[in-house]
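Trainee: I am new to this one. Please pick one part and walk me through the contacts there, slowly and closely.

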Amino acid sequence: PSPSSLIVTRMMITLAFVDMVCLFLISFIFGGFLVTGQTYCKHPSLHWWYGFVTQFFFMACSIVCILLACNRIVEYTSTRLTALLFKGRRTWVVLLAALPYPVFMAAFTPLPFFNSDYHVILFDPRIYNDR
């Protein structure tokens, strides 16, 4: 079979795309924040969106890795189950069905915020004096 028809190839291409976007956000935009000395107080909405999108893509990478591992296990143990879950366009359906996980994690868990004082991304922006 051609490489594009393999289930694992589709999943790996998806993982590569999501991982490249995640690495771009984590490295280049983080570096830009460091160079410009960004703080949460200057641009809170920018930091909120950065945290949301970064967390979304990180969780999307995680869920695609888990699905890839499940695919490998199912493919080696049951050909019938592999055909049922992943044959044809069902791979894309499985990947789309996993989309609520990163959306939920990004929307309903604490977001990471950039802090130029500590040069890290924290889940607490540390803008209060009493903490």
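Mentor: Happily, and one term comes first: a polar contact is a pair of N or O atoms within 3.5 Å, where within protein one must be able to donate a hydrogen and the other to accept it, and residues adjacent in sequence count only if both atoms are side-chain atoms. This is a predicted model, so local features need pLDDT of at least 70 and side-chain atom pairs pLDDT 80 or more, while totals for chains, interfaces and linings use all residues. Residues are numbered from 1 along each chain as its sequence is written, and side-chain values use heavy atoms, leaving out hydrogens and water.

Start with Thr 82, whose side chain reaches the backbone nitrogen of Glu 75 at 3.5 Å. Thr 82 sits in helix α3, residues 79–86 (helices are DSSP runs of H or I with at least four residues, numbered from the N terminus). With 8% relative accessibility, Thr 82 is buried (under 20% relative accessible area; exposed is over 50%, partly exposed in between, with a 1.4 Å probe and protein chains only). Beyond its neighbours within four places in sequence, Thr 82 touches Ile 7, Val 74, Glu 75 and Lys 87 (contact means heavy atoms within 4.5 Å).

Glu 75 brings us to helix α2, which covers residues 44–77 and packs against helix α5, residues 100–108, at about 145° with the axes 8 Å apart (axes are lines fitted to C-alpha atoms over the stretch in contact, and angles run from 0 to 180 degrees between N-to-C directions). From α2, Phe 52, Gln 55, Phe 56, Met 59, Ala 60 and Ile 63 make the contact, meeting Tyr 101, Pro 102, Val 103, Met 105, Ala 106 and Ala 107 of α5. Sorted by class, that contact holds eleven nonpolar residues, one polar and no charged (Ala, Val, Leu, Ile, Met, Phe, Trp, Tyr, Cys and Pro are nonpolar, Asp, Glu, Lys and Arg charged, the others, Gly among them, polar).

Phe 52 deserves another look: at 18% relative accessibility it counts as buried. Trp 49 and Phe 52 lie three residues apart in α2, so about one helical turn separates them. Their ring centres are 5.9 Å apart and the planes stand at 80°, so this pair is edge-to-face (rings of Phe, Tyr and Trp, its six-membered ring, pair if their centres lie within 6.5 Å; under 30 degrees is stacked, over 60 edge-to-face, the rest tilted). Another residue of α2's stretch, Tyr 50, joins Phe 30, Phe 33 and Phe 114 in a cluster linked by ring pairs.

Definitions and conventions:
Helix = DSSP H or I, 4+ residues; strand = E, 2+ residues; numbered from the N terminus.
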